Amino acid sequence: MPLQRRRESELLTIRFLTAEGNKVAVEAEAGACLLDVAQAAGMPLEGTCEGQMACSTCHVIVAPEWFEKLAPASSDEEDMLDLAAGVTRTSRLSCQIELTEALDGIELRIPGISHDMQIG
């Protein structure tokens, strides 16, 4: 039996608030990496280490009402967030967020500053 494509109505909505205050809504499939979705939408997240948790250039700030719906951050992710510029209580590395149906409508803020620890 051939695989069926997901219907458009089954796509998840991801809402970004840019550092400039612009609201950008994009759609993504469940299972996608948030960093990949953000980059495809033109968000200024570098992801310098390509998801290896060796930098914090994909740092996002999750809206408080969505933060508890995420899987907990690993200790490695928390260590990298300690080095992120503009970190908050609801900060996460977007490379570590796999989109699930429970995250349909999630709201994220793109920090106005970033610091690539690989460069210094």
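What follows is a chat about a predicted model.

Colleague: Before we start, what counts as usable here?
Modeller: It's a predicted model, so local features need pLDDT of at least 70 and side-chain atom pairs count only at pLDDT 80 or more, while totals for chains, interfaces and linings use all residues. Residues are numbered from 1 along each chain as its sequence is written, and side-chain values use heavy atoms, with hydrogens and water left out.

Colleague: OK, the sheet. What's the strand order?
Modeller: 2-1-5-3-4, in an open sheet of five strands with mixed pairing. Strands are DSSP runs of E, at least two residues, and helices are runs of H or I, at least four residues, both numbered from the N terminus. Two strands pair if DSSP finds at least two bridges between them.

Colleague: Which strands stand at the edges?
Modeller: Strand 2 and strand 4 (91-93). Each has a single partner strand, so one side of each is left without a neighbour in the sheet.

Colleague: And in what sense do strand 1 and strand 5 pair?
Modeller: Parallel, over three bridges, with strand 5 covering residues 107-109. Phenylalanine 16 stands opposite leucine 108 in strand 5.

Colleague: Switching to the core. Which residues touch the most other members?
Modeller: In the largest nonpolar core, which has 29 residues, they are Ile14, Phe16, Leu34, Leu99, Ile106 and Leu108. A nonpolar core is a set of buried Ala, Val, Leu, Ile, Met, Phe, Trp, Tyr and Cys residues joined through side-chain atoms within 4.5 Å. Buried means under 20% relative accessible area, exposed over 50%, partly exposed in between (1.4 Å probe, protein chains only).

Colleague: Which element gives the most to this core?
Modeller: Helix 1, with four residues.

Colleague: What is isoleucine 14 in contact with?
Modeller: Leaving aside neighbours within four places in sequence, its contacts (heavy atoms within 4.5 Å) include Val24, Val26, Leu34, Val37, Leu99 and Leu108.

Colleague: Cysteines next. How many disulfides?
Modeller: Zero in the whole structure, a disulfide being a pair of cysteine sulfur atoms within 2.5 Å.

Colleague: Why is cysteine 55 without a bond?
Modeller: Its closest cysteine sulfur, in cysteine 49, is 3.6 Å away, too far for a bond.

Colleague: Are those two buried or exposed?
Modeller: Buried: cysteine 49 has 10% relative accessibility, and cysteine 55 has a relative accessible area of 1%.

Colleague: Last one: where does glutamate 10 lie?
Modeller: In the segment before strand 1 (12-17). Glutamate 10 counts as partly exposed because its relative accessibility is 32%. Its C-alpha atom is separated by 9.6 Å from that of glutamate 27, 17 residues apart along the chain.
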